[in-house]
2 protein chains.
Amino acid sequence: MIQQEFPSRLLENVVTELSKLPSVGRRTALRLALSLLKREERESKALGESIIQFRSNIKYCTRCHNICDTDLCDVCADTNRDGKTICVVENIADVMAIENTSQYHGLYHVLGGVISPMDGVGPNELEIASLIQRVDTEDVNEVLLALNPNMEGDTTAFYIYKKLAGANVRITTIARGISVGDSLEYADELTLGRSIVNRIDFAK
Amino acid sequence: MIQQEFPSRLLENVVTELSKLPSVGRRTALRLALSLLKREERESKALGESIIQFRSNIKYCTRCHNICDTDLCDVCADTNRDGKTICVVENIADVMAIENTSQYHGLYHVLGGVISPMDGVGPNELEIASLIQRVDTEDVNEVLLALNPNMEGDTTAFYIYKKLAGANVRITTIARGISVGDSLEYADELTLGRSIVNRIDFAK
């Protein structure tokens, strides 16, 4: 898109800032900005304030590093949850995705990324040492590695697996297989192959 | 999408506010919000402030109703522009689109919408009276109606045309025809038909 001549510096400013958001180009940013003019001034104020408040006041759970408003997140603070199982995930969105399934009742540990030498992210940039410490100090039975099935995820899972080799915990990973609703015909051979190797009893 | 359980009220708040923007759903809003955490705090502050500043301090040109930072917009304030021609557009984005072509050197008049009985927008909700007044009081030769070629746009153009019938001005409208790069085969018959009826000399 050709660089536009903006009739107002305020408009140019808000378009520039909005277009820094992921997958928001200048044309979309302009559309978003102009949409603000059609709504009440207090609504734009609420939006602006919520962005500032969120970034300034958000806290990270001191135990699992999930985001929260207090020192301990709701999951860690919930005494009804199974404190002996820790699910290791890459980021906060993964926690929310797993919570949405209502199938997991243990605690979490958010790494804040995965090992990726290409991006300069090593184990020390992630919350791995604090995970090892939790396993050592808390009464943990199982560590469930729920990382994405790609090279970085697998590398990180293997690194953690090695680090926890001496600890007396069961280390598990989420099942790989054919997605519900997918057809075998179009599944990639690696996934289909794994789903056969790791086949489960039908009644299960 | 299922209503998500958010780990933080601040996050929920910013997602709710962001998802009020056009074509931003809750999933996109969550992705945008989490992307803020990966960037510097001052960047989120700049974004939030720019939204608030834009909505609170933006002004409308007292002459043409384009947005601007002062009482008179840059176009109206530019003495090099042809003050005898007024281009009537629906909104601010149209002004920017026309300015981008560098083919128009006159002034503008932003209606702030089009006549649409379905949406409860009548002539009195638009800047039509102020347009008539400009034609009456300023030294205007031509009013160029650059409204969108749909029912509301055509209705509005016809209404303005009728209102200006007594004034001694040339009333024009932008040419309808085959877009540059389009093929005749796929053009709709209305557009193709108009482009034949309104054919122009080849050398022009």
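# Tour of the interface between chain A and chain B

Between them, chain A and chain B bury about 5,100 Å², and 69% of that area is on carbon and sulfur atoms. The model is a predicted one.

**Stop 1: the two sides of the contact.** Select the residues of each chain that touch the other. The selection should hold 55 residues from chain A and 55 residues from chain B. Across this interface there are 12 residue pairs in polar contact, both residues of each at pLDDT 80 or more. Salt bridges between chain A and chain B number zero.

**Stop 2: the side of chain A.** Now hide chain B and colour chain A by element. Helix H1 (9-18), helix H2 (26-37), helix H3 (41-57), strand E2 (67-68) and helix H5 (92-101) each supply at least two residues of the side of chain A that touches chain B. Which of the elements gives the most to this side? H3(A) does, with 16 residues. Coloured by class, the side of chain A that touches chain B shows 27 nonpolar, 14 polar and 14 charged residues.

**Stop 3: H3(A) against H1(B).** Bring chain B back and select H3(A) together with helix H1 (residues 9-18) of chain B. Their axes come within 9 Å and cross at roughly 145 degrees. The crossing of H3(A) and H1(B) is left-handed. On the H3(A) side, show Glu43(A), Ala46(A), Leu47(A), Ser50(A), Ile51(A), Gln53(A), Phe54(A) and Asn57(A). They meet Leu10(B), Leu11(B), Asn13(B), Val14(B), Glu17(B) and Leu18(B) in H1(B). The contact of H3(A) with H1(B) has eight nonpolar, four polar and two charged residues.

**Stop 4: H1(A) against H3(B).** Next select H1(A) and helix H3 (residues 41-57) of chain B, which pack at an angle of about 145 degrees with their axes 9 Å apart. The crossing of H1(A) and H3(B) is left-handed. From H1(A), the residues to display include Leu10(A), Val14(A) and Leu18(A); the residues of H3(B) in this contact include Ala46(B), Ile51(B) and Phe54(B). By class, the contact of H1(A) with H3(B) counts eight nonpolar, four polar and two charged residues.

**Stop 5: a salt bridge inside chain A.** Over all chains the structure holds 16 salt bridges. For one of them, select Glu99(A) and Arg81(A), whose closest N and O atoms are 2.9 Å apart. What does this pair tie together? Glu99(A) lies in helix H5 of chain A and Arg81(A) in the loop between helix H4 (74-77) and strand E3 (82-89), so the pair links parts that are 18 residues apart in sequence.

Technical notes: Residues numbered from 1 in each chain as written. Chains lettered and ligands numbered in written order. Predicted model: local features only at pLDDT ≥ 70, side-chain atom pairs only at ≥ 80, totals over all residues. Heavy atoms only, no water. Contact = heavy atoms within 4.5 Å. Buried area = accessible area lost by both parts, 1.4 Å probe. Salt bridge = Lys/Arg side-chain N within 4 Å of Asp/Glu carboxyl O. Polar contact = N/O pair within 3.5 Å; in protein donor to acceptor, adjacent residues only side chain to side chain. Helix = DSSP H or I, 4+ residues; strand = E, 2+ residues; numbered from the N terminus. Nonpolar A, V, L, I, M, F, W, Y, C, P; charged D, E, K, R; others polar. Axes fitted to C-alpha atoms, helices over the stretch in contact; angles between N-to-C directions. Left-handed = near helix turned anticlockwise from the far one by under 90°.
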